[in-house]
Amino acid sequence: MKHASGAFARPFSNMQWYLADAQNTVHCILASPHEMTEDAFRELLARFAQNGPSVLWQEDRDAQTLVHRGDLDLVELGRYTRSDGALMPHSELAETLAKPFTPDEPASFRATCYTAPEPNENGMRTWIVFETSHAMTEGSDISKLLRRMTDDTDARPQKVSSRMRAGEVGALFLVPFIWVLHMFAAWSHKPHRRDYGFSRVTLDKADLGRAARELGVSKRAVIFGTVTHALLSDKLGKKGHLAYTQLPGERLRLDSENYLNVQVDEVRAPIREDLKTQITELHETLAPRAGASHFVSIWHNKLLSMHRFFYRRMPWLYPKNFFDFSPYDLLLSLLPPIRPARSWADLQDTTVFAGSNTGAYPTCIIAVGETEISLNFWLDAAREDRLADVLSNAEALSIGARGW
């Protein structure tokens, strides 16, 4: 499915449900202990405009399409605010995020710099915030822009295989049954996005690597185990239904969608009382699936296409807030490393955050920075109360951690 304007064709993100919903936003935040000048901020935006085709698109929900806005000056659209005293805390910043883009906004991209002469309680003097619509941009796109790379998906190597084609055929038979189950679950369980909010924890990168070596597991298993052990403690002795995503090394061409930009997999993982057992068993579950079939991603795409098809023609089939629903207990998403200091002299010593208000289900987006790894949570109040357990788990593994 391709929604475009003229020669500037760009497909939807395969992770976005449907443009009619148009509530999902993604963001990247750079937290710096230094003040930032307005000239440096504008220069950063100028680079974004040069390398980022995606930031020049606007959602048109009436026409159900994306419109290219090459006439915009993103440098002028950026908002720069310097306040007296200390920089606002993360809790105040979080209240400004997750707001859907409105039709009167010139582009589905926001860039804001908050800076102050005095540090906040976390020692930060600057927040730099980039927000886009998930209908057109993914966290990996912003990661590329911060490395002075283009976010144009056409630039990625393309891969097609007979196994992928066979997977698409198999998905055609499977997806109608999943569609029925999905609809039944959505009508039975109606969560609300308004009950969710952002929280963040950072882990010391070197400590995490050491803990992984000592346990003989991957760093991903340590992160996933630490998070699931804390947030899914209500499923102790049972299995948690996890979905996790990562960016594949190649752009995959499918029949049902133009491009597969994100590889999705899912697993039912046991939740153990002992943290190290949880991590080890997760490693043993995930390791054989590394580089495995793209079948889960394929049927996900087919299922989303089916929902789009029926929603356009029979919207009364769908409960209100349907596009906020997901059948998973937790979604974990691992972004490519984001190391802005290697490309931008004014972004030294930054802590990198990312996030998405992805519906009414818990998520954890993992952003790898230069010295820290940030865990960016979108959680309801019940699970947000368990963030202290994430910090306790990190302490038990001798991993330096702090909450924001």
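This is a short talk about one pair of packed helices and the salt bridges in a predicted model.

Okay, let's start with the helices. As a reminder, two packed helices are described by the angle between their axes and the distance between the axes. Here the pair is helix 6, residues 205-215, and helix 7, residues 219-231. Their axes come within 8 Å and cross at roughly 100°. Anything from 65 to 115 degrees counts as roughly perpendicular, so that's what we call helix 6 and helix 7 relative to each other.

Who makes the contact? On the helix 6 side you've got Leu-208, Gly-209 and Ala-212, and helix 7 brings Lys-219, Val-222 and Ile-223. Sorted by class, that contact has four nonpolar residues, one polar and one charged.

Stay on helix 6 for a second, since it also carries a salt bridge. Arg-210 and Glu-214 pair up through their side chains, at 3.2 Å from N to O. They sit four residues apart in helix 6, so about one helical turn separates them. And how accessible are the two partners, Arg-210 and Glu-214? Arg-210 has a relative accessible area of 21%, so it's partly exposed. Glu-214 comes out at 59%, and therefore counts as exposed, the cut-off being over 50%.

Now, on to the other salt bridges. Side chains of opposite charge can pair when their charged atoms come close. How many salt bridges does a search of the whole structure find? The number is 11, and I'll just show you some of them.

Go to helix 1, residues 38-51. Glu-43 and Arg-47 are both in there, again four residues apart, or about one turn of the helix. They form a salt bridge, with the closest N and O atoms 3.6 Å apart. Glu-43 is partly exposed at 34% relative accessibility, and Arg-47 is partly exposed too, with 32%.

Next up, Arg-272 and Glu-281. This salt bridge has its closest N and O atoms at 2.9 Å. Arg-272 has 31% relative accessibility, which puts it in the partly exposed class. Glu-281 is also partly exposed, with a relative accessible area of 23%.

Last one, and here we go beyond a simple pair: Glu-105, Arg-110 and Glu-131 are linked in a network of salt bridges.

So, if you're turning the model around on your own screen, look for the roughly perpendicular crossing of helix 6 and helix 7, then find Arg-210 and Glu-214 with their salt bridge. After that, try the network of Glu-105, Arg-110 and Glu-131. That's it from me, thanks!

Notes. Residues numbered from 1 in each chain as written. Predicted model: local features only at pLDDT ≥ 70, side-chain atom pairs only at ≥ 80, totals over all residues. Heavy atoms only, no water. Axes fitted to C-alpha atoms, helices over the stretch in contact; angles between N-to-C directions. Helix = DSSP H or I, 4+ residues; strand = E, 2+ residues; numbered from the N terminus. Parallel < 35°, antiparallel > 145°, perpendicular 65-115°, else oblique. Contact = heavy atoms within 4.5 Å. Nonpolar A, V, L, I, M, F, W, Y, C, P; charged D, E, K, R; others polar. Salt bridge = Lys/Arg side-chain N within 4 Å of Asp/Glu carboxyl O. Buried < 20%, exposed > 50% of the residue type's maximum accessible area, 1.4 Å probe, protein only.
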